[in-house]
Amino acid sequence: MTLTTLGLELPTDPRWVNIAEMNIGDILIDHAYCEQKAASSCISLIVQYSDKEALVETLTPVVAEEWGHFQRVLKELRRRNIPLGRQRKDEYVNQLRSRLRRPVGDQNEQLMDNLLINALIEARSCERFKLLSENIADEGLQKFYRELMISEAGHYRNFIELAETYLPAERVRARWKEFLAVEADIMANLEVRGDRMH
Ligand SMILES: [Fe+2]
Ligand SMILES: [Fe+2]
């Protein structure tokens, strides 16, 4: 899995993985919430677009997978006696959502944006999991993050393919390019911190 296959324009700051490893407890807490939000975001899509068969079919098992990831991260926390605590502010996702939001218009365009935001978050998470799996010393976590990386890469493809199911592929590609540019800009300006997955 490379940056190019994921489409991302900007690689993660190389300092991140080292400070993340030093703060692995905080990373696991933040990660747990990422998985929880991924599951709940898929449920929202299924609720909002219950008449779209392919979407319901594709995302229903993804909910189960994300919830499984959440459970696995909880287990890693428990093993280390780290309480989950309350959710922290997710600056990355907040900025993505606020900068990529647009006035309500065409319903299919809205659906596409919704799917592409999810695809972006999956792609970036996948890149970060890869960095963790290749750079941290804890062998159990290396394996854990490798498995999750593969799973999130599949979700990234699911979201792109769903967008292409409901809109012309060219339209999706054009919008995806805009999203990638915005994501790269957010990444470039976001503080590099060891207590956040993004
Ligand atoms: Fe996940
Ligand atoms: Fe995912």
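**Exercise 1. The iron site**

How far apart are the iron ion (ligand 1) and the iron ion (ligand 2), and which residue coordinates both? Work from the predicted model, and then describe the surroundings of ligand 1.

*Solution.*
Step 1. The iron ion (ligand 1) and the iron ion (ligand 2) are 3.5 Å apart, and the residue that coordinates both is E66.

Step 2. H69 belongs to helix α4 (residues 53–79) and E152 to helix α7 (residues 139–166), so this pair ties together parts that are 83 residues apart in sequence.

Step 3. The protein donors of the iron ion (ligand 1) are E35 through OE, E66 through OE, H69 through ND1 and E152 through OE, at 2.0 to 2.2 Å from the ion. Along the sequence, these donor residues follow the spacing E-x30-E-x2-H-x82-E.

Step 4. To classify the geometry, note that four donors count as tetrahedral if all angles lie between 85 and 135 degrees. The 4 donor atoms around the iron ion (ligand 1) subtend angles of 93 to 141°, which makes the arrangement irregular.

Step 5. For accessibility, the cut-off for buried is under 20% relative accessible area. H69 counts as buried because its relative accessibility is 7%, and E152 counts as buried because its value is 2%.

**Exercise 2. The nonpolar core**

Determine which residues touch the most other members of the largest nonpolar core, and which helices supply it.

*Solution.*
Step 1. The largest nonpolar core has 61 residues, of which L55, L59, Y145 and W176 touch the most other members.

Step 2. At least two residues of this core come from each of α2 (15–22), α3 (24–48), α4, α5 (91–100), α6 (107–135), α7 and α8 (169–189). With 12 residues, α6 gives the most to this core.

Step 3. Taking W176 as an example, and not counting residues up to four places away in sequence, one finds that W176 touches L6, L116, A119, L120, Y156 and I160.

**Exercise 3. The surroundings of Y166**

Establish whether Y166 is buried, partly exposed or exposed, and list its contacts.

*Solution.*
Step 1. Y166 lies in helix α7, and Y166 counts as partly exposed because its relative accessibility is 21%.

Step 2. Leaving aside residues up to four places away in sequence, Y166 touches K52, E53, A54, L55, N108 and L111. For A54 there is a further detail, in that its backbone nitrogen lies 3.4 Å from a polar atom of the side chain of Y166.

Step 3. Y166 and D51 are 115 residues apart along the chain, and their C-alpha atoms are separated by 12 Å.

Note on methods
Residues are numbered from 1 along each chain as its sequence is written. Chains are lettered from A and ligands numbered from 1 in the order in which they are written. This is a predicted model: local features need pLDDT of at least 70, side-chain atom pairs count only at pLDDT 80 or more; totals for chains, interfaces and linings use all residues. Side-chain values use heavy atoms; hydrogens and water are left out. Donors are N, O and S atoms within 2.8 Å of the metal (3.2 Å for Na, K and Ca); water is not among the atoms, so sites may look incomplete. Four donors count as tetrahedral if all angles lie between 85 and 135 degrees; four count as square planar and six as octahedral if opposite donors are over 155 degrees apart and all others between 65 and 115; anything else is irregular. Helices (H or I, at least four residues) and strands (E, at least two) are DSSP runs, numbered from the N terminus. Buried means under 20% relative accessible area, exposed over 50%, partly exposed in between (1.4 Å probe, protein chains only). A nonpolar core is a set of buried Ala, Val, Leu, Ile, Met, Phe, Trp, Tyr and Cys residues joined through side-chain atoms within 4.5 Å. Contact means heavy atoms within 4.5 Å. A polar contact is a pair of N or O atoms within 3.5 Å; within protein, one must be able to donate a hydrogen and the other to accept it, and residues adjacent in sequence count only if both atoms are side-chain atoms.
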